Amino acid sequence: MPNEIPLRYGMNPHQKTARLFAAEGDLPVEVLSGAPGFINMCDALNAWALVKELKAALGLPAAASFKHVSPAGAAVTAPLSDAERRAFFVDDMADLSPLAVAYARARGADRMSSFGDFAAFSDTVDRTAAELLSREVSDGCIAPAYDDDALTILREKRGGKYLVLAMDADFEPPETETRMVYGLSLEQTHNAALFGPDLLANVVTEKKDLPDEAVRDLVVGSIALKYTQSNSVAFAVSGQAIGIGAGQQSRVHCTRLAGSKADVWWLRQHPRLLEATFKDGLNRAEMNNAIDQYLLERPTPLEERSWREAFDPAPDPLTPDERADWIAKMDGISLASDAFFPFRDSIDRAAQSGVTFVVQPGNSARDDIVIAACNEHGMVMAFSGLRLFHH
């Protein structure tokens, strides 16, 4: 492999000169199709690190859907329910491989945010994973390898312009990393900490039981946060992050954002939406926009007109009571936080979206108040002792 890849431009088109290069040795990444840009590579390398760590921690095929250097969704493979298959738009694909299921879950976490994503896969991309990716609006993908028929499918996407990257699965970054900001260099030890089930041993609440499914979900949420712009909070269930609150200055705003996304993920599976039919000719993006507007609590007249025009016939809107009753059915949700909770407000908000299991680093001056809040809501909380900021 070469030690340099020219990029189309930098963060913005007016930043004309850009490249990816290795200071020593060859690059561990190869362009198999398309032409990368600066942001493509930022997304690709962060997304690859995430799925590689998920696979290492849980031993399951993993996938991520990245946008603007944060995951819109991340998941390991787990059986799909009929409702999930319909909500994730894969009910017409009967033979999805475990890797394809992982991407269906990652993409299905937040389909609005995943529009134009960069996809990452922990394992060799097979035909069904490529077929699933080929019908979604996506900018590129990265994986350790591709089956021949999968690569043929992806090289035809977007008229041959779809970006396909192959990553050396054995590559390990150097111990020290450097970043330049405003002409000055910052240097630090690479964050090589791997979040695994062993970091969930210190359970600090009255309830202590962490089922295997909760352990899996807390690991998924925590590793997703390691590659999410901080502050960040993730809600997870069924082996997938279902709501990620990224880049907020306040912890409770992270939780509110993640919780609202998790609520939408669940509301997309409401029987009224699953049974609704769209007008002929709408693409997936238009359907997702219509669903998003339908689920708004207070849509404007134009937003309501827009979603009504997308369905045939238009379903009745969910009433506040119907929304509340459906969200009340959420249960067994896991929550991960990249840093400690300074107040109980995040725990109180999390309880509204069915959170039962929590992991956070701990070591706040108000840990006792946060533990008491978890006990009040009947939650199980572990202190990992590991902060996961990412900037």
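Reader: What covers the buried residues of helix 4?
Author: This is a predicted model. Helix 4 spans residues 127-134, and its buried residues are T128, A129, A130, L132 and L133. The cover over them includes helix 3, strand 6, strand 7 and helix 5.

Reader: Which residues of helix 4 is F121 in contact with?
Author: Set aside the neighbours of F121 within four places in sequence. The contacts then include W48, V51, L99 and Y103. Helix 4 runs over residues 127-134. From that stretch, F121 touches A129 and L133.

Reader: Which helix gives the largest share of the largest nonpolar core?
Author: That core has 73 residues. Those with the most contacts inside it are F121, V125, C141, Y146, L154 and F235. The largest share is 7 residues, and it comes from helix 3.

Reader: How many residues are in the other core that lies apart from it?
Author: Among its members are L27, A62, A120 and V359. This second core lies apart from the largest one, and its count is 50 residues.

Reader: Are helix 1 and helix 6 roughly parallel or roughly antiparallel?
Author: Their axes come within 9 Å and cross at roughly 155°. Angles over 145 degrees count as roughly antiparallel. Therefore helix 1 and helix 6 are roughly antiparallel.

Reader: How many charged residues does the contact of helix 1 with helix 6 have?
Author: Helix 1 brings L50, E53, L54, A57 and L58. Helix 6 brings R216, V219, V220, I223, A224 and K226. By class, 8 are nonpolar, none is polar, and the charged residues number 3.

Technical notes
Residues numbered from 1 in each chain as written. Predicted model: local features only at pLDDT ≥ 70, side-chain atom pairs only at ≥ 80, totals over all residues. Heavy atoms only, no water. Core = buried A, V, L, I, M, F, W, Y, C linked by side-chain atoms within 4.5 Å. Buried < 20%, exposed > 50% of the residue type's maximum accessible area, 1.4 Å probe, protein only. Helix = DSSP H or I, 4+ residues; strand = E, 2+ residues; numbered from the N terminus. Contact = heavy atoms within 4.5 Å. Axes fitted to C-alpha atoms, helices over the stretch in contact; angles between N-to-C directions. Parallel < 35°, antiparallel > 145°, perpendicular 65-115°, else oblique. Nonpolar A, V, L, I, M, F, W, Y, C, P; charged D, E, K, R; others polar.
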